[in-house]
Amino acid sequence: MTATTWTWTRIRETFLQFFAERGHTIVPSSPLVPAGDPTLLFTNAGMVQFKNVFLGLEQRPYDRAVTVQKIMRVAGHHNDLEDVGPSPRHHTFFFMCGNFAFGAYFKREAIRYAWDLVTDVFGIDPGRLFFTVHLPDNESFNAWRELGVPADRIYRMGEKTNFWMMGPVGPVGPNSEIHYDWGPEFCSCGRPDCSVALDNDCHRWLEIWNLVFMQFDQTADGTRTPLPRPGVDTGMGLERIVSVLQQAPSTYDTDFFTPIFSRIQSLFGHSEEERARALITYRVIADHARSTAFLIADGVMPGNEGRAYVLRMIMRRAVRYGRRVGLERPFLSEVTDTVVETMGEVYPELAQRREFIRRTVIAEEERFGQTLAVGLQRLDEAIAELRQRGGTVLPGEAVFRLYDTFGFPLEMTRDVAREQDLTVDEAGFQEAMARQRERARAASGFAGEAEAVAARVLSDVPATTFLGDKSHQARAKVLALLRRGERVEEAREGEEVEVVLDRTPFYPEGGGQVGDTGRIGHRRGEIAVADTQKVGEGIITHRGRVTRGKVRVGAGVRAALDSARRRDIMRNHTATHLLHRALHEVLGDHAKQAGSLVAPDRLRFDFTHLSALTAEERAAVERRVNERILEALPVRPRWTSYEDARRQGAMALFGEKYGDRVRVVEIDDYSRELCGGTHLDNTAEIGLFKIVTEGSAAAGIRRIEAVTGRGAMEYLRAEETVVREVADLLRVSAPDVVSGVRKLQERVRQLERERTSLSREEIRKLVDEAVTIGPVKLVIYQRDNLSHDALRRVGDEVRSYAPSSVAVLASEMNGKVNIVTMVAPEAAALGVEAASLVRQVAPLVGGSGGGDAYLAQAGGRDPSRLPEALAKAKAYIKELLESQT
């Protein structure tokens, strides 16, 4: 098979099918945002979705798997952003092919699989391959030798390159690598002894596959003991194996990137020579466009924190590289569109969100255009100030202000500083960032710490059986009591306590739904439960206060939740599912959930959308939800496999972690979502749905707050009371309130006009008393509490009465200055311009303004200098006209 027949899609499918034929389950790529793992910013390895399986915390129905995982790496030893562009093989986003075994096989089988695929199926010349093993790993060394690999092609390496650790404790083990030799003509290190063993990033050698063998359990003191079920975790960069099979020494020369490069070249209008000179720019834009498209498709929006900041950073880096070669207009959305075109068939999330990706990129690029101008100006000022002091290091605080106030990325500040032979105090920047995060952390409380403590002290307690789907009360046994984070045998009246039962109807907070409240007790004691939480692996804790008597560990109790409150929560939760579906119908499939709160008094729903809902869209969403309520649709929860649920179109929520068995909540044929929360049996039980507010929650994220059932009735009753009171004040019936308010507004405007207008006698007097400068009448008029509109009306009257007049009209209003300048036609013919005049006077009152030759206006912050500004106007007109005589 020739290099041209090995397309990236064919190579990907060949890899998956090779292992599927050998008993591996094909597992879809998990999203770039790791679910339920706060330790990771992005999915940065193929094993991330299997982490709990390797740790023994999760069971899967298979013991061997194969994936092609989406990967994002932007910092650390895995990747540095500055390498993307200059390097022919570094990327922020790429695909990792991996096969995994959870006790099913180990080194010999994994090595055999890798050899057979690379040499027999892909047909790579074994003479081009070199191998590494961990220094003492004779098992791996011998496995390669058994396949006929010469001993001098197998290098024994140390722990730095050939021993893998998930962390300082936990599963660890040796790894073995396969390297491809491009040939001595590609050597970049210049050493006569150039080899894989030097590990010096020489371009001659390309690591194509890393086979990790999780063999030991490492303790904090470094002790390693053999695991009872060792595992296999391999990773082969898809871009790298594609470059080998297509004989393209740079991954950017493969069919992954050639369509994107062609699109960039078309946008730039470059010749082949110009394209070659701008190679780094092409690589940066192409790589970052892929990252941008896939991150937005997986629910990440550009912003100033965490993942959002990374997305914004790479988007702005791409745009800045485009501007370096002269492309000032927005262009990145056209490149991401090419990414969707070329990859959307294999990764349907791109095609499904194509329009949303495009609009998000356009909005961010336009926002950056504004930021760039202001940010560069502030950065220039900071650099000028630094040079005046003779310094060469930009202070971290100044760099942080650029980032925090103007969204100017550190990486961009670093680039500009480097261009001017300066450096950045990055330690100071990080300290300022840490101080801000500490302030935010202090403001948000320490609930997470408390839950972590509870999980540790309850590690020996079995998981709680949840009964709340079918019952609101149950008999149970007290398994544990916690007071201030410590296990106790009993809790007495007045004490704050956490209770763990063997079974409970109380729902623990999760998936946006708040925890239940209620009572737990028996004849000799009772606890008022104020909240319910989940800690550790399925343990439910009930937090409350002992209101009478005492409760002991081991006691039998009756657990009863607040049923009325729970019913309100269920109304809001089922309505949330209807709302999610209605948003898809009205706005499009891009309107994905980005967060939610399901409380007894309201629901809050955050979703991805770039603009405010119009009145028509808001009404349409509300109408659709209420129509589904009136249709009395049945609500049915059921358990199924994750794959079956996804095949049936069930919506999985952003940031949620799902196992192989999932709970699907179906609302007839209208809505189908993965959800563990509590719901009604029928939509009719919601009663009524009413949107209360719709606004912005963050960049690209909208927020709806709504009420249902009793909450909706109370909201409408309050609205009705307001309307009735307004009607009484206007002395009209309720249906006539709007027309009554409009009449009142018109009356107010009329009174305002009467208050600010001048009689013909007053106008004549104003003009007669005006200063005459040559043929021009200069009218200077000041009166407090007049708006710009009111001043313009005075100016219109002056201009109609005196066709050679120049009017400078001013007012102090609410501590601010309003100025209007108007020039009549005959005065304008003499060279007097209203805009020039207002620019002369506005700075004196701390403001600015603009306009045209006949009309201009300005605002200001310093009324105390208004007399000085009017005097300046008079002097300016006099000087202008006298210079023409």
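Q: Which residue stands opposite isoleucine 691 in S28?
A: Alanine 706 does, in this predicted model. The strand it belongs to, S28, covers residues 701–708.

Q: What makes S27 and S28 count as a pair?
A: Pairing takes at least two bridges between the strands. S27 and S28 have eight, running in the antiparallel sense, so they clear that bar.

Q: Why are S22 and S27 called edge strands?
A: Each of them pairs on one side only. They belong to an open sheet of four strands, in the order S22-S23-S28-S27 with antiparallel pairing. From one strand to the next, the twist averages 15°.

Q: Why are H23 and H24 described as parallel, antiparallel, perpendicular or oblique?
A: Helix H23 (residues 760–768) and helix H24 (residues 788–801) pack at about 70°, their axes 10 Å apart. Roughly perpendicular covers 65 to 115 degrees, so these two helices are roughly perpendicular to each other.

Q: Which residues make that contact between H23 and H24?
A: On the H23 side you'll find Arg760, Ile763, Arg764, Leu766 and Val767, and on the H24 side Glu797, Val798 and Tyr801. Sort them by type and you get five nonpolar, no polar and three charged.

Q: How do you know whether serine 805 is buried or exposed?
A: Its relative accessibility is 2%. Buried means under 20%, so serine 805 is buried. This serine lies in strand S31, which spans residues 805–813.

Q: What does serine 805 touch, leaving aside its neighbours within four places in sequence?
A: Serine 805 is in contact with Lys777, Val798, Arg799, Met822, Val823, Ala824 and Ala827. One of these, Val798, also turns up on the H24 side of the contact with H23.

Q: What makes serine 805 and alanine 802 a polar contact?
A: A polar atom of the serine 805 side chain lies 2.7 Å from the backbone oxygen of alanine 802. The cut-off is 3.5 Å, so this pair falls within it.

Q: How do you know whether lysine 470 is buried or exposed?
A: Check its relative accessible area: 81%. Exposed means over 50%, so lysine 470 is exposed.

Q: Where is lysine 470 found?
A: Look in the loop between strand S12 (465–466) and strand S13 (473–483).

Q: How many residues lie between lysine 470 and aspartate 768 in sequence, and what is their distance in space?
A: They are 298 residues apart along the sequence, and 89 Å apart in space, C-alpha to C-alpha.

Technical notes. Residues are numbered from 1 along each chain as its sequence is written. This is a predicted model: local features need pLDDT of at least 70, side-chain atom pairs count only at pLDDT 80 or more; totals for chains, interfaces and linings use all residues. Side-chain values use heavy atoms; hydrogens and water are left out. Buried means under 20% relative accessible area, exposed over 50%, partly exposed in between (1.4 Å probe, protein chains only). A polar contact is a pair of N or O atoms within 3.5 Å; within protein, one must be able to donate a hydrogen and the other to accept it, and residues adjacent in sequence count only if both atoms are side-chain atoms. Contact means heavy atoms within 4.5 Å. Axes are lines fitted to C-alpha atoms, for helices over the stretch in contact, and angles run from 0 to 180 degrees between N-to-C directions. Angles under 35 degrees count as roughly parallel, over 145 as roughly antiparallel, 65 to 115 as roughly perpendicular and the rest as oblique. Ala, Val, Leu, Ile, Met, Phe, Trp, Tyr, Cys and Pro count as nonpolar, Asp, Glu, Lys and Arg as charged, and the others, Gly among them, as polar.
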